[in-house]
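Open the model in your viewer and get ready to select a few pieces, one after another. We will go stop by stop, and each stop says what to pick and what is there.

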Amino acid sequence: MWYFNHIYIEKDVMDHPRTSEILSKCSSRGIFYVDRYMEIFGRKKQDIHFQMKYRSLILAKASGELLYKGSPMCQDYGRRQFYYVSTMKNCLYDCEYCFLKGMYDCGYIVIFVNIDDIFDAVEQKLSEIDDDQTMYLSVSFDTDLFSFESLTGYCALWRQFAGEHPSCEIEIRTKGAPVFSPDQDDTANLITAFTLSPQYIIDRFEHNTAPLNARLRSARQRIDTGGTVRLCIDPMIYVRNWQELYGELVDQMAEALDLSAVRDFGIGTFRISKEYLKRLRVAEPESEAVQYPFETARGYAGYAQKIRENMMEFMRQKLYDRGIKEDYIWQIM
């Protein structure tokens with residue numbers, strides 16, 4: 001049973017069957033009905049950390065634009081047709097450097113119950129893409145879907161969608177350690193992407209996320225059950241002993257997994273929209289990862305060019321040393 005401090009429901013979805021299904025798995029201090037979820041979620045000057053400690057849930061209807069072009073600050077893995085969707089907003093985890101704290105003023109969880117409308121939007125775009133192109137679709141951009149699977153079942157729905165649409169590569173990314181069943185009937189175009197960080201970085205900045213060894217066990221299980229796995233060392237966080245930490249990370253990856261069975265690797269340094277960074281720094285005034293003196297160019301903040309280049313070259317070389325060929329490494333700084 002999931003517990004939330006309060007549950008807010010848009011009146012438009014109060015009779016939606018998925019609303020009833022989710023409510024059957026929840027308890028709360030009270031249920032309230034609103035005309036639009038932004039009446040709650042969009043209020044200014046909310047206390048995100050208080051709201052993350054005392055979570056409330058909002059059930060709403062996604063409307064307007066349902067499919068978004070991928071950000072240039074995100075990996076596109078060589079696909080020109082790169083899009084993302086938002087079936088939820090906000091996350092159970094509490095990463096100090098998370099862009100969501102700069103993107104939203106609220107820490108409550110939003111679930112859009114009309115996921116079928118989102119499927120329709122993706123299918124419409126697929127019908128417009130040339131037959132020789134593949135869409136790359138990120139479905140966990142604004143949340144960690146796996147951590148909510150027992151509540152929403154959305155990962156299973158995307159797994160079914162992937163099986164029905166082989167020209168759409170669907171990525172579900174996580175900092176958790178989901179358990180995978182050997183009888184899952186998955187296709188190669190459903191990609192489980194694990195964000196990996198040194199345990200020091202996890203302990204210091206990625207609060208409530210799964211430890212590194214648990215993430216690696218989950219990735220190994222995913223490979224063993226026939227799933228497609230992507231490993232993402234992204235974002236790399238610049239700290240005093242970063243070379244030692246990230247070097248050990250690659251060694252631990254190689255010890256835990258057959259790296260030749262991994263589809264590909266994404267690597268990148270911390271970067272964020274300049275506007276998001278302003279709000280993120282307000283939300284995390286004591287965070288070393290957030291208060292670092294970044295450089296800004298073309299509307300985005302990140303480490304100085306020399307630092308970025310050193311970190312990328314170091315990580316590429318560590319992967320090369322483990323037998324990973326250049327064509328399987330995607331980078332963004």
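Start by selecting R173: this residue stands opposite A193 in β13. Before going further, keep in mind that what you see is a predicted model.

Now widen the selection to the two strands around this spot. Select residues 168–174 for strand β12 and residues 190–195 for strand β13; the two pair in the parallel sense over 5 bridges. While you are here, click on T174, whose bridge partner in β13 is F194.

Next, stay with β12 and look at its surroundings. Is this strand mostly covered or mostly open? It is mostly covered, as 6 of the 7 residues of β12 are buried.

Add strand β11, residues 135–138. β11 and β12 run parallel and are joined by 4 bridges. To find one of these pairings, select L137 together with I170, its bridge partner in β12.

Time to show the whole sheet. How many strands form it, and in what order? There are 8 strands in an open sheet, and the order to follow is β6-β7-β11-β12-β13-β15-β16-β20, with mixed pairing. At the edges, select β6 (68–69) and β20 (329–332), each of which pairs on one side only.

With the sheet displayed, bring in the helices. Select residues 212–224 to show helix α9, which lies across β13 and β15 (228–236) and runs at about 160° to β13. Then turn to helix α5, which lies across β7 (81–84), β11 and β12; α5 runs at about 160° to β11.

For the last stop, keep α5 (residues 115–128) selected and add helix α7 (residues 154–164). These two helices pack at an angle of about 30°, and their axes are 12 Å apart. Angles under 35 degrees count as roughly parallel, so α5 is roughly parallel to α7. Their crossing is right-handed.

Which residues should you show as sticks where α5 meets α7? On the α5 side, pick I115, I118, F119, V122 and E123; on the α7 side, pick Y154, L157, W158 and F161. Colour them by type, and this contact of α5 with α7 divides into 8 nonpolar residues, no polar ones and 1 charged.

Methods. Residues are numbered from 1 along each chain as its sequence is written. This is a predicted model: local features need pLDDT of at least 70, side-chain atom pairs count only at pLDDT 80 or more; totals for chains, interfaces and linings use all residues. Side-chain values use heavy atoms; hydrogens and water are left out. Axes are lines fitted to C-alpha atoms, for helices over the stretch in contact, and angles run from 0 to 180 degrees between N-to-C directions. Angles under 35 degrees count as roughly parallel, over 145 as roughly antiparallel, 65 to 115 as roughly perpendicular and the rest as oblique. A crossing is left-handed if the near helix is turned anticlockwise from the far one by less than a right angle, and right-handed if clockwise. Contact means heavy atoms within 4.5 Å. Ala, Val, Leu, Ile, Met, Phe, Trp, Tyr, Cys and Pro count as nonpolar, Asp, Glu, Lys and Arg as charged, and the others, Gly among them, as polar. Two strands pair if DSSP finds at least two bridges between them. Buried means under 20% relative accessible area, exposed over 50%, partly exposed in between (1.4 Å probe, protein chains only).
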